[in-house]
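Q: Please take a close look at one part of this model, and explain how that part sits among its surroundings and how charged side chains link other parts of the chain.

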Amino acid sequence: MVCEKDPLVQKVCELYEQISSLESLKPCKDVNMLFTQLVVTCMPPSPIDVTKLCKSIQDIRCKLIRLCGEAEGHLESHFSTILGSYDNPLHHLNIFPYYSNYLKLSQLEFNILTKHCSNLPTKVAFVGSGPLPLTSIVLASFHLTTTSFHNYDIMDITNDLKDYDVVFLAALVGMDKETKVRVIDHVAEYMAPGALLMLRSAHGARAFLYPVVDPCHLRGFEVLSIFHPTDEVINSVVIARKIPITKQCSVEYPLAPTKLPNKCFDIEMFNPLNHVNLLEELDIEEQLS
């Protein structure tokens with residue numbers, strides 16, 4: 001069991017204490033400095049398994065993810081207001097501090113998406129887009145230029161989900177396991193059979209920043225791939241396909257998520273920090289057994 005004696009965990013806990021003592025998480029020098037330190041601490045590849053943290057650290061992790069979500073919301077609102085003051089906001093997106101990360105993450109997600117669909121999607125839904133829907137903007141601007149994008153807040157969409165070829169689920173939609181499962185079950189209920197669900201997860205120490213999507217929670221989906229970048233793209237990417245109801249009820253396709261057809265392989269993609277970019281296709285069979 002991982003506990004307080006681990007140096008990385010100690011550093012994360014120190015930063016949590018400082019962040020949680022702040023009067024506000026709106027952008028300012030102290031907020032920016034502390035969250036930058038937190039990201040730098042958690043970004044390097046780490047063998048840490050957050051499911052094996054002792055309870056006190058688990059509690060801190062849950063609270064820290066919520067603080068990260070709150071701070072991210074304030075940051076996006078702040079820059080959304082600034083961008084809205086320009087005649088053409090799209091020409092000034094690079095003022096957002098993490099715009100370059102969105103460019104890299106969107107490129108990664110586009111590459112993953114095209115490996116699992118024969119045709120580019122005509123309609124995409126992004127659930128949990130927040131005040132600054134940068135992913136949709138970047139994908140529509142550079143990768144899926146003929147695709148129609150619709151952005152939604154969490155549970156606001158029901159039957160309309162059946163009209164989309166691909167549904168993206170934002171990383172901070174469902175900041176604890178129970179809420180994440182409830183949101184996944186919600187979109188599964190309304191998505192069209194064969195449609196793709198793309199989720200953002202986290203791996204290693206990065207799971208102190210974002211929730212982890214456990215493949216066993218993707219009920220009604222065939223899990224296709226899970227990718228863990230090791231560069232400054234923080235989020236892992238999970239892609240799954242909605243299983244037709246008739247197949248879900250068969251012996252071949254139980255209600256639990258189905259398994260990957262092959263064990264694992266590495267994919268080399270963009271590598272801006274000269275790190276080895278291990279984009280793994282995990283052995284879901286072993287995880288679900």
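A: What follows looks at helix 5 and its cover, and then at the salt bridges.

The model is a predicted one, and its chain holds 8 helices and 8 strands. Of the 289 residues in the chain, 48% are buried, and among contacts with a separation of 6 or more, 73% are between residues 24 or more positions apart. The accessible surface comes to about 14100 Å², and carbon and sulfur atoms account for 54% of that area.

Against this background, helix 5, which spans residues 134–143, is largely enclosed by the rest of the structure, because 7 of its 10 residues are buried, with buried meaning under 20% relative accessible area. The buried residues begin with the run Leu134, Thr135, Ser136, Ile137, Val138 and Leu139, and His143 completes the list. The cover over these buried residues includes helix 4 (99–115) as well as strand 1 (123–127), strand 2 (148–152), strand 3 (166–169) and strand 4 (196–201).

Two of the elements named in that cover, helix 4 and strand 4, are also joined by a pair of charged side chains, since Arg200 lies in strand 4 and Glu109 in helix 4. The side chains of Arg200 and Glu109 meet in a salt bridge with an N to O distance of 2.8 Å, so the pair ties together parts that are 91 residues apart in sequence. Both Arg200 and Glu109 are buried.

The count of salt bridges comes to 5, and another of them is formed by the side chains of Asp176 and Arg66, at 2.8 Å from N to O. Here Asp176 belongs to the loop between strand 3 and helix 6 (177–190), whereas Arg66 belongs to helix 3 (residues 55–84), so this pair connects parts that lie 110 residues apart in sequence. Arg66 is partly exposed, at a relative accessible area of 42%.

A further salt bridge brings together the side chains of Arg219 and Asp185, with 2.3 Å between N and O. Arg219 is placed in the loop between strand 4 and strand 5 (221–227) and Asp185 in helix 6, so the parts tied together by this pair are 34 residues apart in sequence. Arg219 is partly exposed, with a relative accessible area of 40%, and Asp185 likewise counts as partly exposed, at 27% relative accessibility.

Terms used. Residues are numbered from 1 along each chain as its sequence is written. This is a predicted model: local features need pLDDT of at least 70, side-chain atom pairs count only at pLDDT 80 or more; totals for chains, interfaces and linings use all residues. Side-chain values use heavy atoms; hydrogens and water are left out. Buried means under 20% relative accessible area, exposed over 50%, partly exposed in between (1.4 Å probe, protein chains only). Helices (H or I, at least four residues) and strands (E, at least two) are DSSP runs, numbered from the N terminus. Contact means heavy atoms within 4.5 Å. A salt bridge is a side-chain nitrogen of Lys or Arg within 4 Å of a carboxyl oxygen of Asp or Glu. Accessible areas come from the Shrake-Rupley method with a 1.4 Å probe; for residues, only the protein chains shown count as cover.
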